[in-house]
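Visitor: Good morning. Could we go through this structure together, beginning with the empty spaces inside it?
Guide: Certainly. Please have a look at it first.

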Amino acid sequence: MSRFSLRSDFSRTPNPLAEALAGLRAQGLPPLDLTVSNPTRVGLPAPDAGALHPPGAFDYAPEALGLPSAREAVAGYLRSRGTAVSPEHLVLSASTSESYGWLFKLLCEPGDDVLVPAPCYPLFEHLARLEAVQTRSYRLPLAHGFGLDASEVEAALGPRTRAVLIINPGNPTGHFLHEGELAALADVCARHRLALISDEVFADYAWAPAPGRVTTVAGRALPMPTFSLSGLSKVAGLPGLKLGWLHVGGPDAARDEALARLEWIADTYLSVATPVQLALPGLLAHAPVFQQALLERVRANREHLVRARPPGATWDVLPAQGGWSAVLRIPREPGEEATCLALLEAGVLVQPGYFYDFGGGAFLVLSLLTPPEDFTAALAPLTRVLGEAG
């Protein structure tokens with residue numbers, strides 16, 4: 001048999017929830033899906049299809065960091081959100097996942113590690129492993145509303161840590177970084193010569209304004225190299241068009257060296273298609289329409305969820321500030337998996353907290369992206385099963 005790399009040997013054993021879900025679907029009994037994350041399948045507005053046929057779409061004049069017109073479009077979008085950046089400090093990629101791969105190549109030797117928050121979306125260990133890089137977790141304390149605690153970051157550092165990753169706002173916790181948290185984190189990064197990677201794909205989805213909130217590290221005068229990531233997938237609800245961006249910041253010398261090296265990395269792949277780059281101004285012009293519709297959906301679904309909780313219930317909806325998810329804290333017994341299986345039997349699909357490395361209790365994660373009719377229909381069996389579990 002051929003030999004394959006250890007880093008590509010991911011577990012393929014289905015968990016009990018996946019097995020139960022497959023059984024229901026095989027019987028033609030799909031549940032009400034409170035895990036949906038694909039914005040193209042939930043009835044939200046899309047741009048006109050003509051936007052994908054810009055003049056020059058079949059020309060090929062590659063630019064490693066991205067076409068100047070496309071980088072200017074991203075810079076203009078960020079300016080419209082109150083962030084002044086230079087297009088020369090932007091790098092386009094095919095996705096934020098690809099951006100992570102490039103950053104791990106830029107910052108890490110094989111065997112180095114990056115710090116990732118816990119809880120968070122279960123992606124970064126896989127991305128790092130494929131680059132022969134390790135991950136180390138730092139906890140987001142429940143007592144802080146899953147906000148960042150710089151002392152937890154510093155305590156998690158190892159001798160080969162090269163970067164700290166933050167998710168702003170947290171996914172699925174929905175906590176935005178605040179000025180005091182950023183200042184403390186910047187001090188840790190500067191003292192330990194660490195880069196800061198800030199995943200900001202949900203930054204446009206704050207549910208309400210709040211003072212002292214940090215929506216991006218782009219354009220900030222910070223003492224360490226900074227990389228802020230976003231893209232069309234979340235900003236405009238267009239994951240299939242495959243375009244992401246990262247902004248490079250920090251001290252001038254470090255920023256310029258990072259950009260020079262990223263240009264070589266990006267030039268090796270040239271992965272961003274020309275048509276989507278040429279179409280980018282129009283696609284970003286559509287983003288506010290999509291975002292308004294999505295925010296209305298998310299706020300309404302969350303409000304229905306909160307109202308559905310009976311007085312004195314043993315479960316609760318945790319406070320959050322933005323994003324597309326809701327987190328429920330449930331009793332430790334019977335626990336996350338048993339509760340998810342009971343909900344699935346009742347016709348409702350949710351995710352257990354252990355998918356996201358939650359600690360300190362038992363949790364469920366619900367998507368607020370679900371179409372309102374399905375979300376509302378799921379609330380009666382959801383509250384019934386949670387009531388029986390309590």
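**Spaces, sheets and a helix**

Guide: This is a predicted model. The lining of the largest cavity is made up of 18 residues, and those nearest its centre are Leu140, Phe146, Leu148, Ile167 and His175.

Visitor: How much space lies in the largest cavity?
Guide: The largest cavity holds about 150 Å³ of space.

Visitor: And how do the residues of its lining divide into nonpolar, polar and charged?
Guide: In the lining of the largest cavity, 11 residues are nonpolar, six are polar and one is charged.

Visitor: How many cavities of 30 Å³ or more are there?
Guide: The count comes to three cavities of that volume or more.

Visitor: Let us turn to pockets. What volume does the largest pocket have?
Guide: The largest pocket has a volume of about 920 Å³. It is lined by 45 residues, and Ser37, Tyr121, Asn171, Phe202 and Lys234 are the closest to its centre.

Visitor: Which elements give two or more residues to that lining?
Guide: They are helix H1 (16-26), helix H3 (96-107), helix H7 (232-235) and strand E13 (362-367). By residue type, the lining of the largest pocket has 27 nonpolar, 14 polar and four charged residues.

Visitor: Strand E13 takes me to the sheets. In what order do the four strands of its open sheet lie?
Guide: The order is E9-E10-E13-E12, with antiparallel pairing. The edge strands, E9 (316-317) and E12 (351-352), each pair on one side only. Two bridges join E9 to strand E10 (residues 325-330), and Asp316 stands opposite Arg329 in E10.

Visitor: What is the pairing in the sheet of seven strands?
Guide: The pairing in that open sheet is mixed, and its strands follow the order E2-E8-E7-E6-E5-E3-E4. Strand E2 (90-93) and strand E4 (134-139) are the edge strands. On average, neighbouring strands of this sheet are turned by 25° against each other, direction ignored.

Visitor: How many bridges join E6 to E7?
Guide: Four bridges join strand E6 (residues 195-199) to strand E7 (residues 226-231), and the two run parallel. Ser198 stands opposite Ser228 in E7.

Visitor: One last topic: what should helix H9 span, at 1.5 Å a residue?
Guide: Helix H9 (residues 274-308) has 35 residues and should therefore span 51 Å; its end C-alpha atoms are 48 Å apart, which agrees.

Visitor: Where in H9 does the kink lie?
Guide: A kink of about 55° lies at Leu280, shortly before the proline Pro281.

Terms used
Residues numbered from 1 in each chain as written. Predicted model: local features only at pLDDT ≥ 70, side-chain atom pairs only at ≥ 80, totals over all residues. Heavy atoms only, no water. 1 Å grid on protein atoms, 1.4 Å probe; cavity = no way out; pocket = protein on both sides within 12 Å on 5 of 7 lines; lining within 4 Å. Points joined across faces, edges and corners; volume = space filled by probe spheres on them. Nonpolar A, V, L, I, M, F, W, Y, C, P; charged D, E, K, R; others polar. Pairing = 2+ DSSP bridges. Expected span 1.5 Å × (residues − 1). Bend = angle between axes of the 7 residues up to and from the residue. Axes fitted to C-alpha atoms, helices over the stretch in contact; angles between N-to-C directions.
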